[in-house]
Amino acid sequence: MFFTVSMSLDGYSAPVSMDGIIATGEQRQQDPRLDRWVAQWMELHAWIFPQRFFRENLNLGEGGEEGVDNDVARHAFERTGASIMGKRMFDLGEKSWPENAPFHTPVFVLTHERREPWERPGGTTFHFVNDGIDSALKQAREAAGDRDVRIAGGSETILQYLNAGLIDEFSIALSPVLFGAGTRLFDGVDASRVALEQVRSQPTPRATHLSYVVHAR
């Protein structure tokens with residue numbers, strides 16, 4: 001099982017509030033910080049937006065860049081047979097993802113609620129799991145077959161699986177952006193139980209792609 005994430009140079013994996021990405025004009029007038037948070041989020045993910053694979057996956061038209069950044073994005077998608085995410089990430093995405101959601105695999109959402117599966121065009125079906133991370137992982141592994149399970153986020157969900165010793169590897173796209181505030185991805189990691197081995201470092205003009213294998217101490 002693995003996860004991939006974009007992270008800023010000062011260690012933050014997200015702006016202070018992701019709500020700004022889908023904020024209304026009225027909300028932005030009431031809270032001028034939202035425009036700054038949106039701009040930071042766009043900077044953090046600027047490496048992926050021009051990539052050919054990203055444009056293809058979201059049906060944004062032909063063309064786009066090819067190279068290491070594009071290969072990283074495509075490889076993460078192709079190895080993924082199922083995804084797991086937290087409820088907050090799903091709630092934000094439900095409002096902002098296109099109808100043809102970008103996963104194209106089963107997605108298992110950690111929640112305390114009961115809800116029937118939500119099927120979207122293009123092969124994405126969201127399944128809602130209310131009996132814990134182990135149950136979600138078991139279902140995701142069965143759905144993934146011979147491919148990998150990816151933890152899509154957010155940071156709290158990643159930390160739960162990391163501290164439970166259930167992450168095999170992860171990748172970071174380190175972007176040249178300073179947030180100064182937000183959510184630090186590794187706050188709360190039990191360092192007495194988790195050790196890392198770096199297996200890849202690929203710098204590009206837009207980001208540095210780092211990959212680690214996770215070992216138990």
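Start with strand β3: select residues 80-86. Strands here are DSSP runs of E with at least two residues, and helices are DSSP runs of H or I with at least four, both numbered from the N terminus. Is this strand enclosed or not? 7 of the 7 residues of β3 are buried, so the strand is largely enclosed by the rest of the structure. Buried means under 20% relative accessible area, exposed means over 50%, and partly exposed is in between (1.4 Å probe, protein chains only).

Before you click on, a word about what is on screen: this is a predicted model, where local features need pLDDT of at least 70, side-chain atom pairs count only at pLDDT 80 or more, and totals for chains, interfaces and linings use all residues. Residues are numbered from 1 along each chain as its sequence is written, and side-chain values use heavy atoms, with hydrogens and water left out.

**The neighbours of β3**

Add β7, residues 148-153, to your selection. Strands β3 and β7 run parallel and are joined by 5 bridges; two strands pair if DSSP finds at least two bridges between them. To see one bridge, pick S83 and look for its partner R150 in β7.

Now show β4, residues 106-110. β4 also runs parallel to β3, with 4 bridges between them. Here M85 has V109 as its bridge partner. How does the chain get from β3 to β4? It crosses through helix α5 (residues 87-96), and this β-α-β crossover is right-handed. You can check the handedness yourself: with the strands pointing away from you, the path from the first strand over the helix to the second runs clockwise.

**Helix α5**

Stay with α5 and colour F90, L92 and G93, which are buried. Looking down the axis of α5, you'll find that its buried residues fall within an arc of 165°, so they line one face of the helix. The arc is that of the directions from the helix axis to the C-beta atoms. Then colour R88 and K95: these exposed residues sit on the face of α5 turned away from its buried side. What do the buried residues of α5 pack against? They pack against β3, β4, β5 (118-119) and β6 (125-129), where contact means heavy atoms within 4.5 Å.

Just past this helix, select H104, which lies in the loop between α5 and β4. Its phi is near 60°, a positive value in a residue other than glycine. H104 is partly exposed, with a relative accessible area of 22%.

**Rings**

Show the side chains of F90, W97, F103, W118, F126 and F128: ring pairs link them into a cluster. Rings of Phe, Tyr and Trp (its six-membered ring) pair if their centres lie within 6.5 Å; planes under 30 degrees apart count as stacked, over 60 as edge-to-face and the rest as tilted. By this rule the count comes to 14 aromatic pairs. One of them is W41 with F49, a tilted pair at 6.0 Å centre to centre with 40° between the planes. W41 is buried at 19% relative accessible area, while F49 is partly exposed at 25%.

Go back to W118 and bring up R115, whose charged end sits over the ring of W118, 5.6 Å from its centre. A charge counts as sitting over a ring if NZ of Lys or CZ of Arg is within 6 Å of the ring centre and within 35 degrees of the ring normal. For another example, select R79, which lies over the face of F2 at 3.8 Å from the ring centre.

**A hairpin and a few single stops**

Next, select β10 (residues 194-203) and β11 (residues 208-216), which run antiparallel and are joined by 9 bridges. A hairpin joins β10 to β11 through 4 residues. Look for S201 standing opposite L210 in β11.

Now click on Y12 in strand β2 (residues 12-14). Y12 is buried, with a relative accessible area of 10%. Leaving out residues up to four places away in sequence, Y12 touches several others, including F179, G180 and R184.

For N59, go to the loop between α3 (52-57) and α4 (68-79). N59 has a positive phi of about 55° although it is not a glycine, and it is exposed at 57% relative accessibility.

Last stop: G154, in the loop between β7 and α7 (155-163). A cis peptide bond joins G153 and G154, with omega about -5°.
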